[in-house]
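Open your viewer and get ready to select a few residues along the way. Each stop says what to pick next and what you will find there.

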Amino acid sequence: MRYLLAFVGFLVVSLASLLHAADRPNVLFIYLDDFGWRDCGFMGTDFYETPNLDALAASGMVFTNAYSCAANCAPARACLLSGQYTPRHEVYNVGTGRRGKAKYGSLKHIPGVDVLSPDIRTWAAQIHDAGYRTATIGKWHLSDDPIPYGFDFNFAGTHGGSPPKGYFPPHPKAPGLEDAPEDEYLTDRLTDEAIGFIDRNQDANWLLYLTHFAVHTPLQGQPDLVAKYEAKPKGDLHDHAVMAAMIESVDRGIGRIVRQLDSLGLREKTAIVFTSDNGGYGPATSMAPLQGYKGTYFEGGIREPFFVVWPGNVKPGTKCETPVIQVDLYPTLCEMTGASLPTGQVQDGRSLVPLLVGSDAWKERAIFWHFPAYLDSYSRIDGQRDPIYRSRPCSIIRRGDWKLHEYFEDGKLLLFNLKDDIGESNDVSIANADVTKAMHDELLAWREATGAPVPIEPNPKYDAAAESRAMKGKKKK
């Protein structure tokens with residue numbers, strides 16, 4: 001009898017597992033590159049056209065205070081895939097060298113690493129082990145090959161961070177693109193490959209990480225779309241015709257994928273997650289009223305458009321103002337798919353499922369950034385703390401409406417109340433000394449807990465007089 005009961009129990013558990021597998025959603029995770037907080041219709045653009053993204057956003061939950069974990073590509077992606085803040089995986093910048101002239105900046109930077117350790121289990125690996133077919137299509141940027149990180153299929157992903165020789169062929173050393181037709185536009189090809197993966201796996205559970213190169217430089221649009229926007233009246237916020245054309249190509253592709261999901265009867269079985277890796281490319285777009293752009297740790301460099309569509313779980317047309325950050329996506333994706341979290345691997349994020357399903361089971365917490373390096377400026381300089389660097393070595397904390405910056409060269413603390421001052425234009429650290437101290441203490445404790453390295457060694461090539469002259473010689477544009 002004991003064995004019979006055990007066997008019956010086994011059958012019940014097995015049947016429950018099969019039913020659970022049938023109910024688990026497919027996941028389409030769309031991750032754009034350098035796509036700014038306001039670069040789509042549902043976030044307020046007055047020039048770019050994103051009807052497909054807007055329709056998707058309206059069918060799910062839009063997060064208005066959603067953040068990347070870093071202000072540029074590689075560290076943002078390392079945080080996303082690992083579920084860990086930068087001090088744990090040590091990918092701090094694009095590359096490990098000093099970004100900017102050696103004579104500017106008083107400290108030696110912390111170089112970190114430029115490859116995500118293969119010992120770190122990604123959410124792709126966990127979800128793959130839970131029975132999903134997994135694919136990455138597009139930009140990878142964390143190693144030479146994404147396959148060992150939990151993917152069954154890779155198309156175009158390498159260690160490179162930019163589109164391989166641009167958005168038109170040739171695309172050397174990009175897997176699958178060696179024989180691309182002469183007039184093929186890269187964004188369209190990635191869409192084709194995404195549809196192909198879905199078609200091939202329509203009878204299985206699948207996760208597709210569609211990580212577009214768009215809208216990263218070089219700025220290259222399809223000629224007919226560029227002409228369309230050159231003829232369109234400019235907006236007060238946005239007016240860049242090539243950027244608009246690139247965004248429309250992404251949006252059209254997303255529309256094609258959604259229509260294919262509909263035709264295969266998979267729309268209601270598929271959760272769709274959409275966001276970007278960092279702020280928009282400053283010389284071509286604007287995140288106003290946010291200060292900053294890609295490469296800065298002001299809001300314009302790290303706040304992202306973000307929505308989740310999850311049929312049967314997320315109420316359409318909803319918004320969430322709770323601050324969330326991309327390390328949260330690791331536990332979220334695992335919970336959505338029924339995958340387990342990795343044993344013995346620290347997770348810095350918190351599952352967003354309670355927020356997605358409208359539960360009250362969410363307590364306020366702080367979120368953090370750590371950048372112990374330098375990131376040189378480009379042509380636009382009006383959204384950064386000084387005209388030479390988009391970012392200097394710093395740590396940031398946000399808790400509730402308060403956001404504190406700490407800069408390691410001069411020890412400066414800046415405090416902003418984002419509810420009253422979303423543009424971070426009014427430092428209120430002195431007027432709110434108690435808040436400043438409490439947040440700084442929490443930031444120090446977090447750095448100690450994560451082993452975050454703080455640069456303290458003087459830069460032997462530093463030339464204070466040359467830096468001063470350079471600061472004075474550059475005017476804000």
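A residue counts as buried when its relative accessible area is under 20%, as exposed when that value is over 50%, and as partly exposed in between. Keep those cut-offs at hand, and remember that this is a predicted model.

**Stop 1: aspartate 34**

Select aspartate 34, in the loop between β1 (26-32) and α2 (51-58). Is this residue buried or exposed? Its relative accessible area is 1%, which is under 20%, so aspartate 34 is buried. Now check the backbone: aspartate 34 has a positive phi of about 60 degrees, although it is not a glycine.

**Stop 2: glutamate 90**

Next, pick glutamate 90, which sits in the loop between α4 (86-89) and α5 (123-129). Here too you will find a residue that is not a glycine with a positive phi, this one of about 70 degrees. What about its accessibility? Glutamate 90 has a relative accessibility of 39%, and because that value falls between 20% and 50%, it counts as partly exposed.

**Stop 3: two cis peptide bonds**

Move on to the loop between β6 (206-211) and α7 (223-230), where valine 215 is found. Show the backbone from alanine 214 to valine 215: the peptide bond there is cis, with omega near 10 degrees. Then select proline 218, which lies in the loop between β6 and α7 as well. The peptide bond leading from threonine 217 to proline 218 is also cis, with omega near 5 degrees.

**Stop 4: a charged patch**

Switch to a surface view and select Lys101, Lys103, Arg469 and Lys474. Together these residues form a positive surface patch. Stay with arginine 469 for a moment: it belongs to helix α13, which covers residues 464-473. Its relative accessible area is 57%, and because this is over 50%, arginine 469 counts as exposed.

**Stop 5: the whole chain**

Finally, zoom out and colour the chain by secondary structure. How many helices and strands does it have? The protein chain comes to 13 helices and 17 strands. Its radius of gyration is 23 Å, close to the 23 Å that the globule rule gives for 477 residues, so the chain is as compact as a globular protein of that length. Aligned along the principal axes, the C-alpha atoms fill a box of roughly 85 × 60 × 40 Å. For a last colouring, try burial: of the 477 residues of the chain, 58% count as buried.

How values were computed. Residues numbered from 1 in each chain as written. Predicted model: local features only at pLDDT ≥ 70, side-chain atom pairs only at ≥ 80, totals over all residues. Heavy atoms only, no water. Patch = residues over 30% accessible without salt bridge, like charges linked within 9 Å, V, L, I, M, F, W, Y side chains within 5 Å. Areas by Shrake-Rupley, 256 points an atom, 1.4 Å probe, with all protein chains shown as cover. Salt bridge = Lys/Arg side-chain N within 4 Å of Asp/Glu carboxyl O. Lys, Arg positive; Asp, Glu negative; His and termini not counted. Charge placed at Lys NZ, Arg CZ, Asp CG, Glu CD. Helix = DSSP H or I, 4+ residues; strand = E, 2+ residues; numbered from the N terminus. Buried < 20%, exposed > 50% of the residue type's maximum accessible area, 1.4 Å probe, protein only. Rg over C-alpha atoms; globule rule 2.2 N^0.38 Å.
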